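Colleague: Please take one part of this model and look at it closely for a first-year student. Then work outwards to the rest of the chain.

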Amino acid sequence: MYKTLARIEKQLAAVELDYLRKTYIATRPGLLDRATAIQAIPDFWSTVIDEAPAEIDQRIQPRDVPALSCLSGLDVERFEVTDADNGEPRSIKLTLTFKPNEWFLDDKIEKKFYWRMSHNGWSGLVSEPVTVRWKNGDRLTDGLLDLAVNLWKKEFDPDTQGCDLSSFQEYQTLVERIQRTPQDAVSFFAFLGFRGHRVSAEESAAAMEKARSMVDISKETEGSSEGSPSLPDSEIYPHGEEVAVALSEDLYPGATHYFTAAKERDAKVSDEELVSDSNDSNNSEESNAFNNHELERRPNKKMKIHA
């Protein structure tokens, strides 16, 4: 019985992946056409960001808003998909395009997320911190992103690769900064420094091969009995996977819906303001008429003129 359930679950998972892959291939041309059309609509993406779902909206700090208002493009590419039948569709590349601004030297910032599986059964997105060329220093993340990049470079430096991370000054500096910074005060742009769990491509390939060979559901769950592992102390953006999924599976495909909703809301507010102004005007006229009537009934008083 358990083997039958395991086989069915694997079949369903394969169908879902196949559907995601085929949907991406089928919709990609239309989304690229949409990107071209959007270029003629001022502030399209900044308007969409205003309507972002909670997974994104709650991560945006007031200091992020001016920079996000310069967002002129957002693209999601499932870059490991080679055709409708091949490639990992859960890996994504986000490309953010900005109008000329006071923060970024480059007009495009790209970040890749790789879908991985660990030997203990965990699966999800991992990434690498993005090096951003700042115009006047890292004012948005208060240096967090640069510190994450520095540690990542140190970790993969041939001279220090394989060494204990906690022995690096870069690690200690970053962890101390993270501990001093409340999570609810971290800039949205620290998202560019998200790394996630440390699962290499080699470990993931071995884990997926092992999972494919298993048919006993009790064995499949044995490796993940410990639950999801904790993120490293040096992770600057623990919500990175959640935000990446919200951007790629909600905000990006539904951008036109969010834009339309924002415009309809603005139009409704404008109509309500017109009605409110009209009511205020009527009330003001009635008040003036009442005051004039009162003045007519009262004896004249000499007006005081202030020098």
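Modeller: Apart from its neighbours within four places in sequence, T95 is in contact with G73, L74, D75, K108, I109 and E110. This is a predicted model, and each contact here is read from its atoms. T95 belongs to strand β2, which covers residues 92-98. Is T95 buried or exposed? Its relative accessible area is 8%, and buried means under 20%, so T95 counts as buried.

The chain as a whole gives the setting. It has 10 helices and four strands. In sequence order the pattern is α-α-α-α-β-β-β-β-α-α-α-α-α-α. Of the contacts with a separation of 6 or more, 71% are between residues 24 or more positions apart. Of the 307 residues in the protein chain, 37% are buried. The accessible surface comes to about 18500 Å², and carbon and sulfur atoms account for 52% of that surface.

Now to the start of the chain. M1 sits in the segment before α1. With a relative accessible area of 75%, M1 is exposed, because the cut-off for exposed is over 50%. M1 also takes part in a nonpolar surface patch with Y2 and L5, and together the three have about 400 Å² of accessible area.

Helix α1 itself runs over residues 2-38. Its 37 residues should span 54 Å at 1.5 Å a residue, and the end C-alpha atoms are 51 Å apart, which agrees. The helix does bend, by about 40 degrees at T27, and the proline P29 follows within four residues. The buried residues of α1 are A6, R21, Y24, R28, L31, R34 and I38.

After α1 comes a loop that leads to α2 (44-50), and D43 is in this loop. D43 counts as partly exposed, at 39% relative accessibility. Its phi is near 60 degrees, a positive value in a residue other than glycine. Why remark on the sign? Most residues other than glycine have a negative phi.

D142 is a second case, with phi near 55 degrees, again positive in a residue other than glycine. D142 lies in the loop between β4 (123-127) and α5 (144-155). Its relative accessible area is 54%, so D142 is exposed. D142 and S187 are 45 residues apart in sequence, yet their C-alpha atoms are 8.3 Å apart in space.

The loop with D142 leads into α5. This helix has 12 residues, and the distance from its first C-alpha to its last is 17 Å, close to the 16 Å expected at 1.5 Å a residue. Which residues of α5 are buried? They are L144, L145, L147, A148, V149, L151 and E155. Part of what covers them is α6 (169-180).

F156 is in the loop between α5 and α6. At 43% relative accessibility, F156 counts as partly exposed. Leaving out neighbours within four places in sequence, F156 has contacts with Q161 and R195.

To return to the starting point, T95 in strand β2 is buried, whereas M1, in the segment before α1, is exposed.

Notes
Residues numbered from 1 in each chain as written. Predicted model: local features only at pLDDT ≥ 70, side-chain atom pairs only at ≥ 80, totals over all residues. Heavy atoms only, no water. Helix = DSSP H or I, 4+ residues; strand = E, 2+ residues; numbered from the N terminus. Expected span 1.5 Å × (residues − 1). Bend = angle between axes of the 7 residues up to and from the residue. Buried < 20%, exposed > 50% of the residue type's maximum accessible area, 1.4 Å probe, protein only. Patch = residues over 30% accessible without salt bridge, like charges linked within 9 Å, V, L, I, M, F, W, Y side chains within 5 Å. Areas by Shrake-Rupley, 256 points an atom, 1.4 Å probe, with all protein chains shown as cover. Salt bridge = Lys/Arg side-chain N within 4 Å of Asp/Glu carboxyl O. Contact = heavy atoms within 4.5 Å.
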